[in-house]
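Grab a pencil and open the viewer. Here is a set of exercises to work through with the chain on screen.

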Amino acid sequence: MAKKQSSTSKRQAIREQRERKQRQKRITTILVLAGVAIVIAALLIVPSLQRALTPVGEIVTAVPKDRPMVDGAAMGDANAPVLIQVFEDFQCPSCRQYSQDVEPAVVETYVATGKVRYEFHQYPFLDDRVATKESDQAANASLCAAEQNRFWEYHDTLFANWNGENQGAFSDKRLVAFAEAIDLDMNTFNSCFESNKYKDRISQDLNEGTSLGVTGTPSVFVNGQTVRPGFIPTFQDIQQAVEAALAGG
């Protein structure tokens, strides 16, 4: 009987030891997973906090570009034989790339020579599913700058200060700071911006773009014909469309 009790005690001790090891293993696993979750959360949250805490005064100054015959959000001869319409969202990284890499060559080759009238149209959509309307507010601010015939300078400043979609780059404070950076009349700008003056004009641009078949940005149209839809048009793409329009006209 004593041997049987001893054997039972040993088995119980072994079982308890195994259970303790399993509990320790589960606790260790939970701690490891919790640590991983904290690290992931930090990686996601910290950059957003850093952007949110970036002082408003830290504004990137855009390099000035030659814009011939500026007329609000358009440029070039109003009677030019070819019309280029560009639909963009200021939060769109592809629009930023197009504006910096393709647009200058189009302006130099065709707008400055009187062959093309070039129009910028607002197509803010990247903030449709979020509460803070950075795309819409940037669009409104750019048109307020256009009131002072400084649309294109403000346009370049927006793209120069882009740092991600819906990340605070175009908060109201920063949009006002951009206006100050390019020396706009701030009383006039603030009155325009705070009243959301161009809400209807932006809606009209959106509707026009939708009627033309815009599904993303940038979308470029030459005399109403889309150029390379779904991709960032190259200068060569636009050149081919313009030359065909000139030949046909």
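Each exercise below gives a task and then a solution in steps.

**Ground rules**

This is a predicted model, so local features need pLDDT of at least 70 and side-chain atom pairs count only at pLDDT 80 or more, while totals for chains, interfaces and linings use all residues. Residues are numbered from 1 along each chain as its sequence is written, and side-chain values use heavy atoms, with hydrogens and water left out.

**Exercise 1. Take stock of the chain: how many helices and strands are there, and what percentage of the residues count as buried?**

Step 1. Count the elements: the protein chain has nine helices and six strands. Helices (H or I, at least four residues) and strands (E, at least two) are DSSP runs, numbered from the N terminus.

Step 2. Check burial: 37% of the 249 residues count as buried. Buried means under 20% relative accessible area, exposed over 50%, and partly exposed in between, with a 1.4 Å probe and protein chains only.

Step 3. Look at contacts, meaning heavy atoms within 4.5 Å. Of those between residues at least 6 apart in sequence, 77% join residues at least 24 apart.

**Exercise 2. Work out the strand order of the sheet and say which strands stand at the edges.**

Step 1. Line up the strands: the six form an open sheet in the order β1-β2-β4-β3-β5-β6, with mixed pairing. Two strands pair if DSSP finds at least two bridges between them.

Step 2. Find the edges. β1 (70-71) and β6 (225-226) each have a single partner strand, so one side of each is left without a neighbour in the sheet.

Step 3. Go through some pairings. β2 (residues 74-75) runs antiparallel to β4, joined by two bridges, and A74 stands opposite E119 in β4. β3 and β4 pair in the parallel sense over seven bridges, with F87 opposite H121. On to β5: β3 pairs with it in the antiparallel sense over four bridges, and I84 has V222 as its bridge partner there.

Step 4. Now check β3 for burial: six of its seven residues are buried, so β3 is largely enclosed by the rest of the structure.

**Exercise 3. Describe how α4 and α5 pack, and list who meets whom.**

Step 1. Get the geometry. Helix α4 (residues 134-146) and helix α5 (residues 151-160) pack at about 150°, with axes 7 Å apart. The axes are lines fitted to C-alpha atoms, for helices over the stretch in contact, and angles run from 0 to 180 degrees between N-to-C directions.

Step 2. List the contacts: from α4 come A138, A141, S142, A145 and A146, and from α5 come F151, Y154 and L158.

Step 3. Look at the loop between the two helices, where N149 sits. N149 has a positive phi, near 55°, and is not a glycine. With 42% relative accessibility, N149 counts as partly exposed.

**Exercise 4. Track down the aromatic pairs around W152: what kind of pair does W152 make with Y118, and what kind with F151?**

Step 1. Start with the total: the whole structure has 14 aromatic pairs. Rings of Phe, Tyr and Trp (its six-membered ring) pair if their centres lie within 6.5 Å; planes under 30 degrees apart count as stacked, over 60 as edge-to-face and the rest as tilted.

Step 2. Take Y118 and W152. Their ring centres are 6.3 Å apart and their planes stand at 55°, so the pair is tilted. It links distant parts of the chain, with Y118 in strand β4 (residues 116-122) and W152 in helix α5, 34 residues apart.

Step 3. Take F151 and W152. This pair is edge-to-face, at 5.0 Å centre to centre and 90° between the planes.

Step 4. Check burial. F151 is buried at 0% relative accessibility, and W152 is buried at 3%.

Step 5. Zoom out: ring pairs link F90, Y118, F120, F151, W152 and F159 into a cluster.

**Exercise 5. Find N161 and decide: buried or exposed?**

Step 1. Locate N161 in the loop between α5 and α6 (172-181).

Step 2. Read off its accessibility: at 5%, N161 counts as buried.

Step 3. List its contacts, leaving aside neighbours within four places in sequence: E58, I59, V60, A169, F170, R174 and F178.
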